[in-house]
Amino acid sequence: MTYPRRASMPTRVRSVRDLTPHMREIELVGPDVPRLRLRPGAHLVARLPDGGARRVYSIWRHDPRSSLLVLRVALHDAGGPGCTWARTVAPDDRLTVEPPRTKITVDASATFPLFVGDETGAVPLLAMRAALHRATGGAADIHGVFEAAGPADEVPDVDGLPPLPWVHRGSTPAVASRVLLRAVQGLDLPPTGGAAYLAGESDTCRLLQRHLVEQRGWNRHAIRVQPQWAPNRPGFGAGRDD
């Protein structure tokens, strides 16, 4: 189904639950949801009810039969309109969203995938990893590592999948994370044929990309990058407000 840029899709909040101390899962239903065609790793832009600010949220699951879209929304300590909405949203609230977009998704031709991100990037990356697992019947040679502040902030994966490792930064900055960089430097990866998927804080993504290219000899075209957020950049990735 093709939509004009920034088309409006009305949805209703079906349920809200806390996944971690800093992430909420929000279920949306709407009349247009069954007709959507989206790939694993997609995100959408939501137009928040108060003031019309636009914010980007990763899609965890799409169930056309139930007219359902499931978002997983990070709650940053700095707050802002997006976090305020996510902290206060309740069932039966209304939300207008724009049709899903996809910047990175699974490359089926790669010999192996490498998934790396912080807790915000884990949402699209774990959704991609689950889709790849289903498509290959669990035969894919999957590598990866994720970072969170601590064990309580690790993003739950799809039930039944073998877990990928997590590292914890504690009180060290999430921006340009050396904790995640060191974890990737320590991974034992096949020498060739991989596709890397990097998602999370923008400076961290650049560090990881530089490591793969300069220290491991990866081709830049084999690395897909999706910055999820940047410090002091409200609405990062949503484009200009109308």
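Start with the largest nonpolar core, a set of 25 residues in which Phe115, Leu125, Phe146 and Val155 have the most contacts. Keep in mind as you click around that this is a predicted model. To see where the core comes from, colour strand 2, strand 5, helix 2, strand 8 and strand 10 (194–201): each of them supplies at least two residues. Helix 2 gives the largest share, seven residues.

**Stop 1: helix 2**

Select residues 122–136, which make up helix 2. From the first C-alpha to the last, these 15 residues reach 20 Å, close to the 21 Å expected at 1.5 Å a residue. Now show the surroundings: helix 2 is largely enclosed by the rest of the structure, because 11 of its 15 residues are buried. Those buried residues are Ala122, Val123, Pro124, Leu125, Leu126, Ala127, Met128, Arg129, Ala130, Ala131 and Leu132. Arg129 is worth a click, since it's on that buried list too. Step past the end of the helix and you land on Gly137, which has a positive phi, near 65°.

**Stop 2: Phe146 and its surroundings**

Go back to Phe146, one of the residues with the most contacts inside the core. What does Phe146 touch, leaving out residues up to four places away in sequence? Its partners include Ala122, Leu125 and Leu126, all three of which are on the buried list of helix 2. Phe146 also touches Phe115, Val116, Gly117 and Asp118, then Leu164, Pro165, Trp166 and Val167, and finally Leu180.

While you're in strand 8, pick His143 as well. Is His143 buried or exposed? It counts as buried, at 17% relative accessibility. Beyond its neighbours within four places in sequence, His143 is in contact with Phe112, Pro113, Leu114 and Phe115, with Leu164, and with Asp188, Leu189 and Pro190.

**Stop 3: the second core and the rings**

There is a second, separate core of 22 residues, and Leu48, Tyr57, Leu69 and Leu71 are among them. Tyr57 leads on to the aromatic rings.

The model has four aromatic pairs. One of them is Tyr57 with Trp85, a stacked pair at 5.7 Å centre to centre with 25° between the planes. It links distant parts of the chain: Tyr57 sits in strand 4 (residues 54–63) and Trp85 in helix 1 (residues 81–88), 28 residues apart. Tyr57 is buried, with a relative accessible area of 6%, and Trp85 is buried as well, at 8%.

Next, bring up Phe146 and Trp166, whose ring centres are 5.3 Å apart; the planes meet at 35°, so this pair is tilted. Here too distant parts of the chain are linked, with Phe146 in strand 8 (residues 143–148), Trp166 in strand 9 (residues 166–168), and the two positions 20 residues apart. Phe146 is buried at 0% relative accessibility, and Trp166 counts as buried at 17%.

One more ring to look at: Arg72 lies over the face of Trp60, at 3.7 Å from the ring centre.

**Stop 4: two serines**

Select Ser177, in the loop between strand 9 and helix 3 (178–185). At 0% relative accessibility, Ser177 counts as buried. Which side chain does the Ser177 side chain meet in a polar contact? Turn on Glu147 and you'll find it, at 2.3 Å. The Ser177 side chain also reaches the backbone nitrogen of Leu180, at 3.1 Å. If you leave out residues up to four places away in sequence, Ser177 touches Glu147, Thr204 and Leu207.

For the other serine, jump to Ser66, in the loop between strand 4 and strand 5 (68–74). Ser66 counts as partly exposed, at 35% relative accessibility. Draw a C-alpha to C-alpha distance from Ser66 to Cys205 and it should read 35 Å, for residues 139 apart in sequence.

**Last stop: Pro21**

Finish on Pro21, in the loop between strand 1 (9–20) and strand 2 (23–29). Pro21 counts as exposed, with 52% relative accessibility. Apart from neighbours within four places in sequence, Pro21 is in contact with Ala152 and Asp153. For a final distance, try Pro21 to Ala74: their C-alpha atoms are separated by 9.4 Å, with the two positions 53 residues apart along the chain.

Terms used
Residues are numbered from 1 along each chain as its sequence is written. This is a predicted model: local features need pLDDT of at least 70, side-chain atom pairs count only at pLDDT 80 or more; totals for chains, interfaces and linings use all residues. Side-chain values use heavy atoms; hydrogens and water are left out. Helices (H or I, at least four residues) and strands (E, at least two) are DSSP runs, numbered from the N terminus. The expected span of a helix is 1.5 Å times one less than its number of residues. Buried means under 20% relative accessible area, exposed over 50%, partly exposed in between (1.4 Å probe, protein chains only). Rings of Phe, Tyr and Trp (its six-membered ring) pair if their centres lie within 6.5 Å; planes under 30 degrees apart count as stacked, over 60 as edge-to-face and the rest as tilted. A charge sits over a ring if NZ of Lys or CZ of Arg is within 6 Å of the ring centre and within 35 degrees of the ring normal. A polar contact is a pair of N or O atoms within 3.5 Å; within protein, one must be able to donate a hydrogen and the other to accept it, and residues adjacent in sequence count only if both atoms are side-chain atoms. Contact means heavy atoms within 4.5 Å. A nonpolar core is a set of buried Ala, Val, Leu, Ile, Met, Phe, Trp, Tyr and Cys residues joined through side-chain atoms within 4.5 Å.
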